[in-house]
Amino acid sequence: QLTGKKSKRNEESKKSEAVEPDSPRSDKNAGKIIVEEEHAKDSVSFGVYKRYISSLGGAKFVLTYTTIMACWTFFTIAADWWLGLWAKAGTGGYKYLWLNATFAFCSVVCILFRVLVTFYSSIRCSKRMHNDMITQIMRAPVNTFFDTVPIGRIINRLSNDLNTCDGEIPYMIGNVQMNFWRLIGTCTLCIILIYWSIIPLPIISVVLFHYLKQYLQLQRKVKRIAMAAHSPIFQYEGETYTGAATIRAFRAQESSYKRCYGLMDKLMKCEFYCTSLDSWVILRVQLISLVMNLLTVLFVVLWPNSN
């Protein structure tokens, strides 16, 4: 009976070993001392956005920011509309001037509050992210983390990625929100004043969505590769600084330069691809805007008395 149980156990262990290569643990990093840096795939999950918004302040931040942007849109459109009434009236200059100046001043105040709220929330979010990252790193095991992950990758996460959260993301949030609310206000005003302008909106939306989908699919992949390309540079800088005496002793300066230039070229290629993709989508959006402006001017010139 004992031998029969041992044989069954041996057969089960052999089966488990045979299935082990297909298990999640046997990935491309199996058998390697230094783990390769992995990249996320497809689009950013909703949980990432939710966690970032909660770090910014959650519902309080969203409500405050939305209120400020709605007020800014109202005052901006009111100033333009009041200026049009002033041009039609032709008289009562001081009354129109003071009210237009009031609208402009309120718009400036809304922009000031928007900047303060955005950067205060982004700094608080960066502090939370930095503290969480430091806590996880200090609690990480030595044999499965520090021995397998290069120090340059850790420095990249604590410096370059946090710099993106501090500087780039708040700036992008401000631009996206400003353009979004400006678009909503402009479309609403155009529909009220010129009702037929709603006709080309579905066609333009479909074309822009098509270009945006292509752009985001490529931009995510290239941007993730570009962010990961900083890690070998940080790693090589530390290794070069530590082993500078050895490099000079063996007269390996040229090979060190070539390796450094190779890492920099790889990073610059990724940055060039990102800039090319930005130019690609900007060119197409500007062409669509140019066509719309051309059609509007032709309509005004050909039918000047039309309502």
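This tour goes from helix 2 to the two largest pockets and then to the cysteines.

The model is predicted, with local features needing pLDDT of at least 70, side-chain atom pairs counting only at pLDDT 80 or more, and totals for chains, interfaces and linings using all residues. Residues are numbered from 1 along each chain as its sequence is written, and side-chain values use heavy atoms, without hydrogens and water.

**Helix 2**

Select residues 46–56, which form helix 2; helices are DSSP runs of H or I with at least four residues, numbered from the N terminus. Colour Tyr52, Ser55 and Leu56, the buried residues of this helix (buried is under 20% relative accessible area, exposed over 50%, partly exposed in between, with a 1.4 Å probe and protein chains only). They lie on the same side of helix 2 because they cover an arc of only 105° around the axis, taken from the directions from the helix axis to the C-beta atoms. An α-helix has 3.6 residues a turn, so residues three or four places apart point the same way. Now add Phe46, Lys50 and Arg51, which are exposed on the other side of helix 2. Step to Gly57, just after helix 2, where phi is positive at about 145°.

**The largest pocket**

Select Val44, Val48, Tyr49, Ile169 and Met172, the residues nearest the centre among the 50 that line the largest pocket. A pocket is an open set of points on a 1 Å grid over the protein atoms alone, where a 1.4 Å probe fits, with protein on both sides within 12 Å along at least five of seven lines; lining residues have an atom within 4 Å of a point. The volume of the largest pocket is about 2500 Å³, being the space filled by probe spheres set on the points. Show helix 6 (151–193) next, which gives the largest share of this lining, 15 residues. The lining has 26 nonpolar, 11 polar and 13 charged residues (Ala, Val, Leu, Ile, Met, Phe, Trp, Tyr, Cys and Pro are nonpolar; Asp, Glu, Lys and Arg are charged; the others, Gly among them, are polar).

**The second largest pocket**

This pocket has a volume of about 1500 Å³. Select Leu183, Cys187, Leu201, Ile204 and Met292, the closest to its centre of 39 lining residues. Helix 10 supplies the largest share of the lining, 11 residues. By class, 29 lining residues are nonpolar, nine polar and one charged.

**Cysteines**

Select Cys270, which is buried at 8% relative accessibility. The nearest cysteine sulfur, in Cys274, is 6.9 Å away, and the whole structure has zero disulfides (cysteine sulfur pairs within 2.5 Å). Finish at Cys260, partly exposed at 33%.
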